[in-house]
Structures are given as C-alpha cells and as structure tokens.
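Trainee: I have the model open and would love to go through it with you. Could we take it one question at a time?
Mentor: Happy to, let's look at it together.

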Amino acid sequence: MAPRARRQNGSASRRGWRQLEALVQGCTFDDFLLAPQFSMLDRRDPASIDLSCRFSEHIVLRRPIVSANMDTVTRAPMATLQAEEGGLGIIDRGFRTGDIEPQVREVQAVKRTQHLVIADPWTIGPEAALAEALAVMDRRGVGTLVVVDAARRLVGLLTQRDVRFIDQGRQAARFTVAQRMTPRERLVLHQGRLSMAAAERLMVERKVKKLPLVNRAGRLIGLITAKDLLHQKRLPFASRDGQGRLLVGAAIGATGDYLERAAELVKAEVDVLVIDIAHGHSVVMQKALEAFRARFGDVEVVAGNVATADGARFLARLGVNGIKVGIGPGGGCTTRLTTSFGVPQLQALVECRRAVGDRIPLIADGGIRRDGAIVLALVCGGDTVMLGSAFAGTQETPGDVIHKSVLLPESQKVVKVPFKVLRGMASIQAIKDRLDVEDDDEVDLEALGAEGMEVSVPARGSARSIIGDMMKHLCSAISYGGASSLDEFKERVRRDPNRYLIPLSASSRRESYER
Ligand code: XMP
C-alpha cells in the first residue's frame, strides 16, 4: 500500500475507534443491535468462511472460542474438544496448592491424543513380563507399545490384537513381551522421515494401522498411526502445534506454587500459560510477571484480568503475549455485587484495544449469555471470547451428574432432572477445595475474599453442538454485516461504527433480547 493510502487508512481507523469508544461508554452486550448491510455471501457455511484469529501473539486459531479455566468447565475432555473444533481450552489451576501433577496430567492427556508422528511413543523391553505391558497400556490409555532393546533399536510391536485372548492373571505373568509381540521382520516400517501423504499411501498399500519409523541404525524415531491420519483429515480446523498435536493452555496463579507449576507445565509442553487473577492491574501481577519472564524467557504467557486502558497498558509493558479482559461480567461472578467495581464489558474491550493497539490479542472474558454477544465482543476489540457458563453442564465438563427433583408447573408432577455444578473459581466452594479445608467456618472463608457463586445447571449433551451453533450464528452475522470473513467484518465495523451499532432504548432492548 502507498504511504499516503496507509496514512489515510490509519487515521480512518483511529477515527473509527474514537467513535466506537464514545458509543460504548457505560455499555455492554444487550445495549446494542447491529444494523443489517448489503450481504455479499451466497452461503453462510462455517467451513467456507474464514474465522481465523489470534489467541495470543504466537497462537493462531481458526475459531475464536476459548473455554474458561474454571474447575467445573475445562479439564482434558473439554480442552481436547475445543482444540478439535478450532478453539482452545485453558486447564484450570483449581488443584490444591503444591499438587501440580494432576494439572500436568490433564495437559499431557490433551497433547497425547493426536499427532502427525508420535515422536516418543510408549515403549517396553522384549524381556518384560506381559503383565507389565498390560499395566503400561492400561495406565497410559494406549493400545500399542513399541518394543525396543536397551539401545532403543526396534524389535517389535505389541498391540491389543497380540494380547486379546490373554487373561490378565496367570497367563500374563507367564509370557514375556517377546513371546507375544509381532517381531520386527514381520512389520512394515520405514527408515527415516516421510510426508503424511507418503505415509498414508504406504499404510493403505500394505494394509497396516501402525508404521514405526527408524533411523539407519534401526533406532526408533517415531510412530505413525492410522487413527492419527484420520484425525488430521476429519478435523481440518483443529488447533494444532507443529507436530500435529492439539493445542492446550493452562492457568497458573500469581503467588504460591505458580513458578513451580509453570515449570512442570512447560515440561509437559503446554502451549500457553495464563496468569489469571481477579485484579490483574496490581503489584502482585507485576511481581509475578517479572519473576516469570526472568525464569522462563519468552514462553507464551497471557495475563489478566483487567478492564481499563491503564490496566491493559500495564500488562503490555510487562511483556505479556495476550490480555484477558473482563472484571465482573462472568456468570459465576459476584465482584460487582460485593464491591461495586468493574467496567461494562464492551466499554472495557474498546478501551483496552485502543490502549494496546493491534499487536497484543485480547481475550473477551465473561458475560456471553447468547451467541449474538460473541459477535459484539469480537467487533469491539476481542480477538477471541472466553466462555464458562455457555458450556456448563455439557458432557465434557468435569464433575458428576446429580439428579434433583423438580416440580413441573403445568402438570404439578415431580420429575428427576439431571444437573451438574458450575461454580466461580473465587466461590467459597472452589476456594475450600483448593485449600483443602473441610471444617473451617464460612466466616473465615469469607475473609479470604470469595467473589463467586456455585449454581446447579441442567446436564446436557456435548459442547461440540454448542460450538457448531455458535459458528453458524457468527457466520450469519458476518453475512448480515456485508463482509466475507471475520477479519473483514471487524474492519468494517471499526471503520464506521455509527453505521453499524444502534444504541437501544429500554423498550427496544425488551423487543430484542427479552424472550
Ligand atoms: P461466563 O460468563 O462465560 O464467564 O461464565 C466466565 C469467566 O468468569 C470469570 N470467573 C469469575 N469471576 N469470580 C469472578 O469474579 C469468580 O468466582 C469467577 N469464576 C470465573 C472468569 O474470568 C471466567 O473466565
């Protein structure tokens, strides 16, 4: 672009942001509608509309959805699903202080579900007892072990098929791995690296589901599985790292064991860490980020929460790669009720975006109670949205289903309805669990500063269909907005916000959002 055109573009965009900021003062999602524009799309299909975005400076996603780091929302099953669908899950830090291993296991579970080439497949020695191999398979949740000698040379493969009719007790103790494995001479294997397309051709041609890779000395350098190849094809939008593994994030605190926790999570190859505290514009955060950078260099880190221009600038100056925006809009959050502090979420997003420019992505965290709010969060400065309540009760959330008796008003019949628990991470119950206190009276716990609540929500199906609907609705919004991609849509609104945003009167809000 010529310098003059670039200058004009820059000043139009600055003007747009100024207008947007004036429009959203004191406002949040339900204060606006968007005015329909001439549509250029003949299809509103999420598979054909570009919805890509950045979660943080170095993490690009194809879908702008992130599941919240809450202990009733995101553990491995939710994070896996989010990444499969093109978004990201942040594993909560709601494990007891010093109890780091459980969170690490959740991260490992996500990183190990899918690969291009499994660089470090689970292995076992040929002389090991079959019982030991079965125990490893069970512990690791895998159906294949690569059999290697002490010099890591490939000697065979042990799969479920090889152990199918072996009983777990006496027989398993009697046999060695070497006696049941398929030996190297009967395996199809490949020397050196190869492309995924070549691997697929070879595996189809030779009708094998596993392809071990070895170097010239015969040492194991990887394993390709048919299941992984299918995953890569079936999930074209999935969020993956360079090795084809799903992306996953994890939250750490800003005090206590947070550096040790970060070190273990980095070792487990977590893709991004989130330093998440209720008030991110604080000396606690400053110390935490300085210590984090000193110890971990340029490991990708997102921090929050903040909701003001000063807060966002403060985090930017401390070198974060992404900023979580939102003080008090969350469904399980009582901060505004108990302290009267907070910033309406659209105002917070626009202010923070103006403060840090385009370099640092913003995560619009909390308060999304209908799919249309996602659209407003994204056009007003969010790069992604973080959701907690929207996924509550789905089958991928942690926690048991409990059945409660509910009185049906029409028939006056009592029926048993399945529920799951959703709780704020600063709720008394969550704090209690983290601190491992059972008997402390509520008064002491209140003194710890509870700013969240616990609610029962109806148990429902998979979060996958919820994300599917969200993406369809986002694509419809892009079409109504006269754009053909998410980026273009955002750009259009930001250039001319007055053309798009309609502030609502009380009655037009009732007409729009009260159903
Ligand atoms: P939604 O509205 O999607 O919001 O449920 C999710 C976000 O809410 C925040 N959160 C809390 N905020 N006290 C708070 O002040 C809490 O106990 C609490 N728990 C969660 C958090 O930012 C999350 O991503």
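Trainee: How far is a polar side-chain atom of Ser389 from an oxygen atom of the ligand?
Mentor: Keep in mind that this is a predicted model, so the distance is computed from predicted coordinates. A polar contact needs a pair of N or O atoms within 3.5 Å. The pair formed by a polar side-chain atom of Ser389 and a ligand oxygen has a separation of 2.3 Å.

Trainee: How much of the accessible area that the ligand has on its own does the protein cover?
Mentor: On its own, the ligand has 510 Å² of accessible area. The share of this area covered by the protein is 91%.

Trainee: Which residue has a polar backbone atom 2.6 Å from an oxygen atom of the ligand?
Mentor: Let's separate side chain from backbone here. Asp365 uses a polar side-chain atom, 2.5 Å from an oxygen atom of the ligand. The polar backbone atom at 2.6 Å from a ligand oxygen belongs to Ala426.

Trainee: Which residues come nearest to the ligand?
Mentor: There are 21 residues around the ligand. Asp365, with its side-chain contact at 2.5 Å, is one that we have just met. The nearest ones are Cys333, Asp365, Ser389, Ala426 and Glu451.

Trainee: How many residues of the shell around the ligand are polar?
Mentor: The shell is divided into three classes, and two of them can be set aside: 7 residues are nonpolar and 2 are charged. As for the site itself, the ligand takes up the space of the largest pocket. The polar class in the shell numbers 12.

Trainee: Moving away from the ligand, which backbone oxygen does the side chain of Thr339 reach at 2.7 Å?
Mentor: Thr339 lies in helix α13. A polar atom of its side chain is also 3.0 Å from the backbone nitrogen of Phe341. The backbone oxygen that the Thr339 side chain reaches at 2.7 Å is that of Thr335.

Trainee: Is Thr339 buried, partly exposed or exposed?
Mentor: The relative accessible area of Thr339 is 31%. Buried means under 20% and exposed means over 50%. Because 31% falls between these limits, Thr339 is partly exposed.

Trainee: And Ser340, is that residue buried or exposed?
Mentor: Ser340 sits in the loop between α13 (335–339) and α14 (345–356). Its phi is positive, about 65 degrees, although Ser340 is not a glycine. With a relative accessible area of 65%, which passes the 50% limit, Ser340 is therefore exposed.

Trainee: What is the phi of Arg152?
Mentor: Arg152 is found in the loop between β7 (144–148) and β8 (154–159). At a relative accessible area of 32%, Arg152 is partly exposed. Although Arg152 is not a glycine, its phi is positive, at about 65 degrees.

Trainee: How far apart in space are Asn215 and Arg153, C-alpha to C-alpha?
Mentor: Asn215 is placed in the loop between β11 (210–214) and β12 (220–225), and its relative accessible area of 26% makes it partly exposed. Along the sequence, Asn215 and Arg153 are 62 residues apart. In space, their C-alpha atoms are separated by 9.1 Å.

Trainee: What is the relative accessible area of Ala217?
Mentor: Ala217 is found in the loop between β11 and β12. Its C-alpha is 28 Å from that of Arg140, 77 residues away in sequence. Ala217 is partly exposed, with a relative accessible area of 44%.

Trainee: Is Val104 buried or exposed?
Mentor: Val104 has its place in helix α3 (residues 101–111). Its relative accessible area is 6%. Because buried means under 20%, Val104 is buried.

Trainee: Which peptide bond is cis, with omega near 5 degrees?
Mentor: Look at strand β15 (residues 301–306), where Asn305 is found. The cis peptide bond leads into this residue, and it runs from Gly304 to Asn305.

Notes
Residues numbered from 1 in each chain as written. Predicted model: local features only at pLDDT ≥ 70, side-chain atom pairs only at ≥ 80, totals over all residues. Heavy atoms only, no water. Near = heavy atom within 4 Å. Polar contact = N/O pair within 3.5 Å; in protein donor to acceptor, adjacent residues only side chain to side chain. Areas by Shrake-Rupley, 256 points an atom, 1.4 Å probe, with all protein chains shown as cover. 1 Å grid on protein atoms, 1.4 Å probe; cavity = no way out; pocket = protein on both sides within 12 Å on 5 of 7 lines; lining within 4 Å. Sits in = over half its atoms within 2 Å of the grid points. Nonpolar A, V, L, I, M, F, W, Y, C, P; charged D, E, K, R; others polar. Helix = DSSP H or I, 4+ residues; strand = E, 2+ residues; numbered from the N terminus. Buried < 20%, exposed > 50% of the residue type's maximum accessible area, 1.4 Å probe, protein only.
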